[in-house]
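Walk through the model below, going from the domains of one chain to its contacts and then to a few local features.

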Amino acid sequence: MRRWTPYWLALPAWLWLAIFLVVPIAAMASVSLTTGNLIDGFTQTFSVSNYSDAIAKYSTQLVRSLVYGGVATVIMLVLGYPVAYWIAFKAGHRKSMFLFLLLLPFFVSFVLRTISWGFLLADDGILLGTLKGWGVLPQDFHVLATTVAVIGGLVYNFLPFMILPIYVALERVDPRVIEASYDLYASRLSTFRRVVLPLSLPGVFAGVLMTFVPATADPINAQVLGGTSNTMIGNIVQTEYLVNNDYPTASAISFTLMAVLLIGIFIYARALGTENVLEAAAR
Amino acid sequence: MNNPLLRGLTQSRYSRRDALRFAGYSAAGLALAACGVQGQKAAAPSPSAVADFWSTQKKNGRVVFANWPEYMPEDQAPLKQFQQATGISYEYKEVIQENAEFFGKSEPQLRAGQPLGYDIIVMTNGLQLGKMIQLGYLTALDHKQLPNFAANAGASYKNPAYDANNTYTIPYQAGVTGIAYNTKYVDEDITSIQSLFDKKYEGKVGMMADAQEVGNFGMFAVGVDPDKSTQADWEKAAAKLKEQRDQGIVRKYYAQDYIDAVAKGDVWLSQAWSGDVFQRQLAGEPVKFVVPQEGGTIWIDNMAIPKGAANPVDALMLMDFLYKPEIAAELTAYIQYVTPVNGVQQILAGKSDEDSKALAESSLIFPTEADYAKLRPYRTLTNAEEPVYNGLFQTITQG
Amino acid sequence: MRGKLGDRALYLYTWLIILWLASPIAVMVLFGFNDKQSKSNTSWQGFTFKWYQQLFAIDGLTEALVNSLIIAVVSTVFATVLGTLLGLAVGRYRFRGKGVTNFLIFAAISTPELVMGASLLSLFVSGNAPRGHITIIIAHTLFSLAFVVVTVRARVVGLDPSLEEAARDLGAGTWTTFRLVTLPSIMPGVAAGAMLAFALSIDDYVVTSFVNGSTQTFPLWIVGAVKVGIPPQVNVMGTLIFGIGVLLAVANAISARRKTTH
């Protein structure tokens with residue numbers, strides 16, 4: 001009887017994924033192997049030239065996206081871990097309140113958040129303008145339309161997706177275990193390294209997966225906060241799909257991106273010592 | 001086959017077949033889009049076919065109007081007056097956010113022969129509208145039922161290059177792309193497009209991300225009329241724009257948010273739409289707009305009837321109703337874009353309130369003859385030209 | 001002593017992060033009070049309450065907000081239920097198809113939104129399914145589901161199953177064990193997953209723009225309004241969402257405190 005438990009648990013979500021995810025992905029795979037244009041029609045040629053052409057044309061943007069996504073993820077981990085740690089062990093009955101407050105800004109539209117950032121970070125705005133007035137910053141200093149702004153935007157927008165899973169993993173650790181380990185190990189650092197960190201690793205993995213992957217594919221931050229040389233691969237997918245209506249190229253880029261991300265997660269999983277890639281991919 | 005029973009059977013078989021097809025796709029994960037995307041290039045219908053179509057249509061007493069948000073007074077007074085005048089009830093939906101997205105999501109439905117559920121849609125002249133026309137997704141209009149359009153449409157808005165003889169579309173609102181600059185930072189009068197390429201404004205120039213917009217300005221800068229441009233001209237324009245980018249003159253290629261940047265001083269001068277600048281002037285911000293002497297772009301948001309619309313006659317009546325000058329004046333007073341309807345300026349000038357007078361006097365809302373003479377539409381691209389053109393300019397805006 | 005100091009520093013740091021995340025919200029709130037004279041609402045022109053009085057003056061916007069809230073709540077419930085069950089399955093058990101399942105979850109997170117939206121639309125069009133609330137909910141459930149699974153799984157992995165075995169040994173049925181033992185132990189993961197699902201749904205633009213038919217949502221309406229100028233009512237609605245959220249958070253903290261003191 002218990003043998004069947006995982007299947008029953010998985011069944012509803014399986015059905016959902018099979019109908020609404022597998023079918024579209026299969027369609028995307030098949031579209032990526034067609035050639036033609038919207039007006040004259042696309043024909044199934046099974047030619048992989050869409051892939052080689054797209055990679056040749058857009059390798060700069062692809063590599064750039066991976067770098068931005070990677071850097072943003074590392075920053076998120078460093079910024080987010082202490083928050084998750086404090087909420088999990090020290091927030092007491094206010095745990096839910098703090099988590100909710102962290103997420104609340106993301107319940108209002110990204111357009112409003114973006115406009116507000118534009119207001120706050122304007123070259124002569126309330127922040128930079130004031131600092132320039134004091135002579136702290138040079139007159140031509142600016143944040144918007146730079147690489148720093150794009151990566152900062154990614155960090156801002158995905159940070160809760162790093163904090164929450166780490167919190168979730170840490171929260172199951174009994175604080176008394178940590179107290180006890182203080183007695184066992186001499187320093188806080190070795191307590192953290194030998195007890196807390198290993199227990200939080202599933203959360204770290206989940207956090208990295210949920211931030212690195214969407215941040216690398218994100219089109220919005222580059223579009224809103226970037227300058228002339230910050231275009232990411234997500235923007236290319238949008239242009240190829242919506243503006244050029246080149247569905248085969250857009251699909252080929254999407255698949256390439258997924259493959260590269262999967263490899264990235266695989267390497268990361270190996271580094272963490274997880275054997276099974278696919279298992280790691282969802283941890 | 002006239003036997004009702006048989007007909008019932010065949011009909012039910014159709015829907016069963018639909019269901020089977022759906023199930024088949026789901027199970028095998030077949031190439032939905034690939035199977036569906038057949039070439040659908042449609043030739044322009046003959047006048048007699050158009051007449052035949054319209055002779056079978058009649059007024060249904062209702063109309064569904066799909067438009068952009070904030071493109072109609074909040075109290076919907078023009079539509080209410082239409083309802084009173086004609087007895088046609090309306091449904092007004094603010095469902096269009098962007099041309100590319102609207103096309104991207106409408107195209108599969110129209111391809112599958114499913115109606116969009118709208119009788120009137122509004123799209124800018126450009127790639128997507130061109131594709132709608134080429135793919136036969138729009139209904140050819142019956143100009144016999146558009147007397148107000150014939151009488152009141154401005155000369156610049158009739159028979160445009162993107163839709164000869166207004167076969168499928170008539171304008172709703174229009175706008176001009178020129179240069180906006182912040183007078184707090186720019187202490188000269190900008191008159192030439194070359195200012196956008198001036199090294200002294202390094203890092204303070206905004207350009208638009210749209211290939212048509214940026215391409216047009218590149219062509220003006222190298223002295224080419226976009227209307228008559230060839231591939232060699234595009235390459236010249238692209239080289240000029242690339243140089244502008246490589247020299248660090250361009251801060252950013254903007255999708256929509258450029259005017260905030262100009263008003264705040266993030267960029268000092270930028271490619272800009274007249275309507276946006278007018279808003280900022282009303283708000284008292286130090287922003288000026290100019291159509292450069294080399295030329296500017298005029299773009300037009302058009303009304304059209306999508307294929308399969310349920311109420312085409314009612315749609316025509318509403319489209320024509322919006323060409324009554326007094327109704328068009330109400331739209332202009334709210335939207336504050338360029339109107340294609342003659343007589344609106346006089347009506348607004350005759351009103352007693354300050355806002356209307358300001359509108360009537362603004363050359364941003366009512367371009368002068370001299371302005372109109374400098375304005376050019378987007379280059380209408382053929383199916384073969386489009387990837388070449390887009391490729392050239394997208395490598396600049398998306399490097 | 002050193003520990004206490006470190007805790008204090010972390011406490012301040014946590015608030016700092018919260019304030020940073022909320023800083024654009026302050027601007028949004030401010031401009032809900034802007035007595036603007038033109039359509040653009042980006043430069044400060046005086047204080048007014050009038051947008052609060054005219055909060056529901058724009059029918060389309062009000063309808064869009066209501067739609068968004070309904071869709072977010074329903075899709076969060078679906079995604080949380082389906083995602084929690086699947087998260088339990090992949091986190092605790094070994095079974096056939098686990099590798100494929102994990103791959104699908106990865107795919108759901110890594111598929112570019114635009115491609116997901118467009119392919120779902122093709123699916124709905126070929127199935128002749130009318131687009132509207134239901135198709136939006138289906139799509140939102142799909143992408144939120146994966147985030148719930150990953151979050152719940154981070155909780156389940158390494159949880160000690162012996163408590164559940166004990167409960168079963170004592171004669172508790174499957175459902176009772178799940179309700180009284182399993183669910184409470186994974187609850188923080190479920191709650192965090194649900195919060196993420198809600199945030200993803202209420203702020204989604206790209207996927208929704210494909211599968212919405214003629215149903216408008218809050219983010220869609222705002223993006224469309226950018227062209228002419230976002231009315232301050234949008235800021236007011238954002239402010240109210242945020243304000244109600246803060247109240248809920250505080251109320252939750254108070255009730256949790258009561259529970260612990262009793």
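The paragraphs that follow describe a predicted model.

Chain B is a convenient place to begin. Its domain assignment gives domain 1, made of residues 47-174 + 299-367, and domain 2, made of residues 176-298 + 376-397. Taken over C-alpha atoms, the centres of domain 1 and domain 2 of chain B are separated by 28 Å. Where these domains meet, 17 residues of domain 1 of chain B are in contact with 16 residues of domain 2 of chain B. On the domain 1 side, α6 and β9 (296-304) of chain B each supply at least two residues. By class, that side of domain 1 of chain B has 12 nonpolar, 5 polar and no charged residues.

A helix pair in chain B comes next. The axes of helix α4 (residues 77-86) and helix α13 (residues 325-335) of chain B come within 9 Å and cross at roughly 155°. Angles over 145 degrees count as roughly antiparallel, and α4(B) and α13(B) are therefore roughly antiparallel to each other. From α4(B), the contact is made by Ala77(B), Pro78(B) and Gln81(B), and from α13(B) by Ile327(B), Glu330(B) and Leu331(B). Sorted by class, this contact has 4 nonpolar, 1 polar and 1 charged residues.

Chain B also touches chain A: 35 residues of chain B are in contact with 36 residues of chain A. Several elements of chain B give two or more residues to this side, among them α1 (4-28), α5 (99-111), α6 (127-134) and α17 (385-397). The largest share, 4 residues, comes from β6(B). By class, the side of chain B that touches chain A has 13 nonpolar, 12 polar and 10 charged residues.

Within chain A, strand β1 (residues 34-37) and strand β2 (residues 41-44) pair in the antiparallel sense over 4 bridges. The two strands, β1(A) and β2(A), form a hairpin with 3 residues between them. Thr35(A) stands opposite Thr43(A) in β2(A).

The last stop is a single residue of chain A. Ser96(A) lies in helix α3 (residues 95-103) of chain A. Is Ser96(A) buried or exposed? Ser96(A) counts as buried because it has 20 C-beta neighbours inside 10 Å, and a residue is buried if 20 or more other C-beta atoms lie within that distance. Leaving aside neighbours within four places in sequence, Ser96(A) is in contact with Asn252(C) and Ala256(C). The C-alpha atoms of Ser96(A) and Ala271(A) are separated by 32 Å, and these residues are 175 residues apart along the chain.

Note on methods: Residues are numbered from 1 along each chain as its sequence is written. Chains are lettered from A and ligands numbered from 1 in the order in which they are written. This is a predicted model: local features need pLDDT of at least 70, side-chain atom pairs count only at pLDDT 80 or more; totals for chains, interfaces and linings use all residues. Axes are lines fitted to C-alpha atoms, for helices over the stretch in contact, and angles run from 0 to 180 degrees between N-to-C directions. Angles under 35 degrees count as roughly parallel, over 145 as roughly antiparallel, 65 to 115 as roughly perpendicular and the rest as oblique. Two residues are in contact if their C-beta atoms, placed from the backbone, lie within 7 Å. Ala, Val, Leu, Ile, Met, Phe, Trp, Tyr, Cys and Pro count as nonpolar, Asp, Glu, Lys and Arg as charged, and the others, Gly among them, as polar. Two strands pair if DSSP finds at least two bridges between them. A residue is buried if 20 or more other C-beta atoms lie within 10 Å of its own, exposed if 12 or fewer, and partly exposed in between; C-beta atoms are placed from the backbone. Domain bounds come from an automatic or database domain assignment.
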